[in-house]
Amino acid sequence: MATSKRCLWEALNGRSEGSGAETLVLAHGYGMEQSMWDKVVPLLAESYRVVTFDWVCAGSVKNEKLYDPVKYSSYEAFADDLITLVQEMNLKDVTYVGSSMSGIIGCIASVKTPQLFKTLILVGSSPSFLNSDGYEGGFNRSDIEQLLSNIENNYESFVSAFASLIADPSNEESVKKYEEGLKNMGGEVGLPLAKTIFYSDWREMLEKVETPCTIIQTKKDAAVPHSVALYMQNKIKGKVRLEIIDTLGHFPQITAHLHFVQVLKAALGS
């Protein structure tokens, strides 16, 4: 692997489908894997080249040593991996679709290397989950501390409760998919990564994002309240559109995949 020109691409299970002129790069969030995009990839591949991969934190990544909790204690390391992946594939002007934490990772990468990104699609993303004066992130510090305690002390119980909370509890497919991803990830990765996510604050970075963005939000998301989407819309420096999909939970690409693809294609002007 050390001699491969696509070292990280191979390590992170990179896949490419379709042969359109435009390239979409799809990135999953906490506790998920690239399989979360399975319902939309075939539809998108009819018109675009579609690239998917697994972050180092995913249970589907074979080399468990890739995830170093110290290195990945900041989204910066994930953003560097994203840039490396895009460069290994000799891509530029890509449309990046980031789910949850991956949306903010994409924003960071676009600030570092704006020439690589044409458009950012931010799906259920948040620059900060912690409530503070004048900002509703969705969680009090005590909520986060309890969540972390649950991960540390009873991961199996956490998986079941968190999946039902974050996915649409009325959509069995999304809950099951999230449970499987969380189980595959495991608590040894889940705990430090949750600390990275829930204690991060990237609000100031948004004012540096000049790449055009579309924010996709469901009508009710337990992880990311509507106020966060409005905050991001107001703070991102570049052109921003906010699209609300009529579904519940954190995963519209699963619970409302046809509408999701429509919104995505509209954002791309096709």
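# Reading a predicted fold, one question at a time

Me: Let's start with Tyr155 and Phe158: are they buried or exposed?
Reply: Keep in mind that this is a predicted model. A residue needs a relative accessible area under 20% to count as buried. Tyr155 passes that test, and so does Phe158, making both of them buried.

Me: How do the rings of Tyr30 and Phe162 sit relative to each other?
Reply: Aromatic pairs in this structure come to 16. In the pair of Tyr30 and Phe162, the ring centres are 6.5 Å apart and the planes meet at 90°. Planes over 60 degrees apart get their own label, so this pair is edge-to-face.

Me: How many residues apart in sequence are the parts that Tyr30 and Phe162 tie together?
Reply: Look at where each one lives: Tyr30 is in the loop between strand E2 and helix H2, while Phe162 is in helix H6. Both Tyr30 and Phe162 are buried. The parts that their pair ties together are far along the chain from each other, with a separation of 132 residues.

Me: What about Tyr155 and Phe158: is their aromatic pair stacked, edge-to-face or tilted?
Reply: Their ring centres are 5.6 Å apart and the planes differ by 35°. Under 30 degrees would be stacked and over 60 would be edge-to-face, so the pair of Tyr155 and Phe158 is tilted.

Me: How much of a helical turn separates Tyr155 and Phe158?
Reply: In general, an α-helix has 3.6 residues a turn, so residues three or four places apart point the same way. Tyr155 and Phe158 are 3 residues apart in helix H6, which means they are separated by about one helical turn.

Me: Which residues form the aromatic cluster?
Reply: We've met four members already, since Tyr30, Tyr155, Phe158 and Phe162 are in it. Add Tyr178 and Phe251 for the full cluster: Tyr30, Tyr155, Phe158, Phe162, Tyr178 and Phe251.

Me: Why isn't Cys7 bonded to Cys57?
Reply: A search of the whole structure finds 0 disulfides. The sulfur atoms would have to lie within 2.5 Å. Cys57 holds the closest cysteine sulfur to that of Cys7, but the gap is too far for a bond, at 18 Å.

Me: How about Cys57: which cysteine has the sulfur nearest to its own?
Reply: Cys57 is in no disulfide either, with 18 Å to the nearest cysteine sulfur. Cys57 itself is buried, at a relative accessible area of 3%. That nearest sulfur belongs to Cys107.

Me: How many residues of strand E2 are buried?
Reply: Take the two faces in turn: Thr23, Val25 and Ala27 are buried on one side, and Leu24 and Leu26 on the other. E2 is therefore largely enclosed by the rest of the structure, with a buried count of 5 of the 5 residues.

Me: Which residue in E4 is the bridge partner of Ala27?
Reply: E2 pairs in the parallel sense with strand E3 over 4 bridges, and Thr23 stands opposite Arg49 there. E2 also pairs in the parallel sense with E4, again over 4 bridges. In E4, the partner of Ala27 is Gly98.

Me: Within what arc do the buried residues of helix H11 fall?
Reply: The buried ones are Phe260, Val261, Val263, Leu264 and Ala267. Seen down the axis of H11, they line one face of the helix, because they fall within an arc of 165°.

Me: And which residues are exposed on the other side of H11?
Reply: We've just seen the buried residues, which include Phe260 and Leu264. Over on the other side of H11, the exposed ones are Leu258 and Gln262.

Me: How many residues apart are the salt-bridge partners Lys39 and Glu173?
Reply: Of the 9 salt bridges found in the whole structure, one joins the side chains of Lys39 and Glu173 at 3.1 Å, N to O. Lys39 is in the loop between E2 and H2 and Glu173 is in helix H7, so the pair links distant parts of the chain. Their separation is 134 residues.

Me: Which residue's ring has the charged end of Arg203 over it?
Reply: Arg203 forms a salt bridge with Asp201, the closest N and O atoms being 2.7 Å apart. Arg203 is buried, at a relative accessible area of 19%. Its charged end is 4.5 Å from the centre of a ring, that of Tyr135.

Definitions and conventions. Residues numbered from 1 in each chain as written. Predicted model: local features only at pLDDT ≥ 70, side-chain atom pairs only at ≥ 80, totals over all residues. Heavy atoms only, no water. Phe/Tyr/Trp six-rings, centres within 6.5 Å; stacked < 30°, edge-to-face > 60°. Buried < 20%, exposed > 50% of the residue type's maximum accessible area, 1.4 Å probe, protein only. Lys NZ or Arg CZ within 6 Å of the ring centre and 35° of its normal. Pairing = 2+ DSSP bridges. Arc of directions from axis to C-beta. Salt bridge = Lys/Arg side-chain N within 4 Å of Asp/Glu carboxyl O.
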